[in-house]
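Q: Please take a close look at the sheet in this structure. How are its strands ordered and paired, and what packs on it?

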Amino acid sequence: MVQDNRKKVRQVLIITLILNLVVLLLKAVVGTITGSLSLQADALHSVTDSANNILGLVTNQLSSPIPDRDHPYGHQKFEAIGALGIAAFLGIACFEIITGALNRIIFGGDPVKIGGSELWLLIIVLGINIFVAFYERKVGYKIGSKILIADATHTMSDVWITISVLFGLIGVWQSERLNLPQLQYLDILLAFPVAFLVLKSGWQVLTSNLPWLVDQVVIAPELIHKIVTEVPGVINCHDIASRGLLGRQIFIEMHLIVDTEDVKIAHDITEEIERKLEEKFAPVRILIHIEPPEYKSPKISYG
């Protein structure tokens, strides 16, 4: 039976949205006060965090796993579309970070001025980000939500970005005491690894969701063939296909030849096949096409 976890996903997204707005506000205020390019870029990254939560709430409302007349296979791919939206936001953030850093290098800018109080605020921000990332990831894996896992991946990139920015700003903070004005360049240089981390997160989100959207095979047809041919009464199983997402909803179809001409016995054999596949890959919807023996094919799958 397909589980509808949208209520739990919505609850998590609302909590993280509130926390991400707090993080965004703190980063924007400190970044503006200090003039830190890396921190302003980090704040931009946090804008995408909040936007992703809002996007997640919208797609979550649309992604019911329960089929209806217009969507007989359910609506779950709306979640994957939302996750791809997150990847797009990450790409935009990466571009903005690199552009800002190059502009500072070429055209220059005012030196960064930061003190201990601003650094303590960033440590609080870091703690909130770590909590959000682990909270979303834990719930996401528990209930099998692609949107929560994708958002947790995004937030985890924010954690590493904030850590790198924090260390860079500590160096900038010490530049006057150590009489090393070159440390001011740490703020600019750190903008580039920040951009790399943002890009990496976007790529991970993209590659984990595209197979679902393009109906890439989810279970090796050889494995399905092995399970099916172990059922008594099965002569041949071929043209096997599968799609979906393990742990959420899988669709399997196959052509089957059984050792009987009795419809009732053939039906019982297919029921046993469905039971075994459901036991291993639940939740799963299975379509079995019975064929006469002369249709026997050595081709397990397509291609």
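A: The account below treats the sheet, then turns briefly to the helical part of the chain.

This is a predicted model, in which local features need pLDDT of at least 70 and side-chain atom pairs count only at pLDDT 80 or more, while totals for chains, interfaces and linings use all residues. Residues are numbered from 1 along each chain as its sequence is written, and side-chain values use heavy atoms, with hydrogens and water left out.

The sheet is open and has three strands in the order β1-β2-β3, with mixed pairing. Helices (H or I, at least four residues) and strands (E, at least two) are DSSP runs numbered from the N terminus, and two strands pair if DSSP finds at least two bridges between them. Since β1 (234-245) and β3 stand at the edges with a single partner strand each, one side of each is left without a neighbour in the sheet. From one strand to the next, the twist averages 15°. Axes here are lines fitted to C-alpha atoms, for helices over the stretch in contact, and angles run from 0 to 180 degrees between N-to-C directions.

Strand β2 (residues 249-258) pairs with strand β3 (residues 284-290) in the parallel sense, over seven bridges. Within this pairing, I252 stands opposite I286 in β3, and L256 is opposite I290 in β3. Helix α8 (residues 221-229) packs on the sheet, where α8 touches β1 and β2; contact means heavy atoms within 4.5 Å. The direction of α8 makes about 135° with that of β1.

A second helix, α9 (residues 263-281), forms a right-handed β-α-β unit together with β2 and β3. The crossover is called right-handed if, with the strands pointing away from the viewer, the path from the first strand over the helix to the second runs clockwise.

Elsewhere, the chain has helical spans. UniProt, in an unreviewed entry, places the feature "transmembrane region" at several spans, including residues 80-107 and 155-173. Residues 80-107 are 100% helix and 0% strand, with end C-alpha atoms 41 Å apart; over residues 155-173 the chain is likewise 100% helix and 0% strand, and the end C-alpha atoms are 26 Å apart.

V194, in helix α7 (residues 191-213), counts as buried at 1% relative accessibility; buried means under 20% relative accessible area, exposed over 50%, partly exposed in between (1.4 Å probe, protein chains only). Not counting residues up to four places away in sequence, V194 touches I97, I161, S164 and V165.

Terms used. UniProt positions renumbered as here; feature names shortened; annotations may be inferred.
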